[in-house]
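Colleague: Please take a single part of this model and go through it closely, and then place that part within its surroundings. I would like the geometry argued step by step, with the values given as you go.

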Amino acid sequence: MRVLVSMCLLGTFCRYNGERKADEGVLSLLDREDVTLIPVCPEQLGGLSTPRLPAEQREDKVFDKSGADQTEAFENGAKEVLRLAKLYGCKAAILKERSPSCGSNVIYDGTFQGARIPGDGVCASLLKKNGIRVFGESELNEFCKFTEGASRTISV
C-alpha cells in the first residue's frame, strides 16, 4: 500500500523552524515490505520557504505569526498533495499532528499561545474529503490495523 507521509516525520529539515521532527514509529514503517511511504510537505509544495514564520488557522484562513494571510499557499500545497495521492493511488496518509496543514482532529487555535481546538489542517481536510484516511503520528497502531488487521502494532 502506498501511503503519504509528512516529510518532517521522516527527519527532513522542512518544518517551519528549519528543524527536523523525525518520529521513530513512522521511521519503523520503512521496514515494512507492504507499505511504501510517499514523502510530502504541503507547505513547501505550496511555495513556502524553510524556515518560515509559524502559522496557525483562524476560522477558514491560515495566518503566519506576523499576521500575513498564508491561506492560498496552504490551499495550493494541499491540492498538490492530493494530486500526488491520486497519482500514486494512496488510500491513507500519516501526517504531522496539530499542524495547520497536516493536523487531523486537533489543531492550534490561531492565537500562537499553544492552545488547541478541534479541527483539521488544510491538507488533512482536503484528503479526508477525497476519501483518504488520515492518521497522526500517535495513531500508528490504528494505521497498522487499517493496513493489515489487528495482528500488528507498533511499540514506540
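Modeller: A definition has to come first: the rings of Phe, Tyr and Trp, with the six-membered ring taken for Trp, form a pair if their centres lie within 6.5 Å, and planes under 30 degrees apart count as stacked, over 60 as edge-to-face and the rest as tilted. The model is a predicted one, and all that follows should be read with that in mind. By this rule there are 2 aromatic pairs. One of them joins Phe135 and Phe143, whose centres are 5.6 Å apart and whose planes make an angle of 80°, an edge-to-face arrangement. The other joins Phe135 and Phe146, where the centres are 5.6 Å apart and the planes stand at 55°, so that this pair is tilted. Because Phe135 sits in strand β8 while Phe146 sits in helix α5, the tilted pair ties together parts that are 11 residues apart in sequence. Taken as a set, Phe135, Phe143 and Phe146 are linked by ring pairs into a cluster.

The solvent exposure of the three residues can be taken one by one. Phe135 has a relative accessibility of 1%, and because buried means under 20%, Phe135 counts as buried. Phe143 has a relative accessibility of 0% and therefore counts as buried. Phe146, at 33%, counts as partly exposed, because that class covers the values between 20% and 50%.

The packing of the helix against the strands is the next step outward. Helix α5, which spans residues 140-148, lies across β1 (2-6), β5 and β8, and runs at about 150° to β8. These three strands belong to an open sheet of 4 strands in the order β2-β1-β5-β8, with parallel pairing. The edges of this sheet are β2 (36-40) and β8 (133-136), each of which pairs on one side only. On average, and with direction ignored, neighbouring strands of the sheet are turned by 25° against each other. As a general point, strands of a sheet pair through backbone hydrogen bonds, either parallel or antiparallel.

Strand β8, which carries Phe135, is joined to β5 (residues 92-95) by 4 bridges, and the two strands run parallel. In this pairing Phe135 stands opposite Ile94. The side chains of β5 divide between two directions, for Ala92 and Ile94 point one way and Ala93 and Leu95 the other way, and all of them are buried. On the β1 side, β5 pairs in the parallel sense over 3 bridges, and there Leu4 stands opposite Ala93.

For contrast with this parallel sheet, consider the hairpin of β3 and β4. The strands β3 (55-58) and β4 (residues 61-64) pair in the antiparallel sense over 4 bridges, with Ala55 opposite Asp64. Between the two strands are 2 residues, and Glu59 in this hairpin takes a positive phi near 60°. A contact leads from this region to helix α3 (residues 71-88), in which Thr71 lies: leaving aside its neighbours within four places in sequence, Thr71 is in contact with Asp60, Lys61 and Val62. Thr71 has a relative accessible area of 6% and is therefore buried.

The surroundings also include open space. The largest pocket has a volume of about 530 Å³, and its lining consists of 30 residues, of which Arg15, Tyr16, Glu43, Ser99 and Pro100 lie nearest its centre. Two or more residues of this lining come from each of the elements α2 (42-45) and β3 (55-58).

A last residue, Asp31, gives a long distance to set beside these short ones. Asp31 is found in the loop between α1 (24-28) and β2, and its relative accessible area of 67% makes it exposed. Between the C-alpha atoms of Asp31 and Asp109 there are 36 Å, with 78 residues separating the two in sequence.

How values were computed. Residues numbered from 1 in each chain as written. Predicted model: local features only at pLDDT ≥ 70, side-chain atom pairs only at ≥ 80, totals over all residues. Heavy atoms only, no water. Buried < 20%, exposed > 50% of the residue type's maximum accessible area, 1.4 Å probe, protein only. Contact = heavy atoms within 4.5 Å. Pairing = 2+ DSSP bridges. Axes fitted to C-alpha atoms, helices over the stretch in contact; angles between N-to-C directions. 1 Å grid on protein atoms, 1.4 Å probe; cavity = no way out; pocket = protein on both sides within 12 Å on 5 of 7 lines; lining within 4 Å. Points joined across faces, edges and corners; volume = space filled by probe spheres on them.
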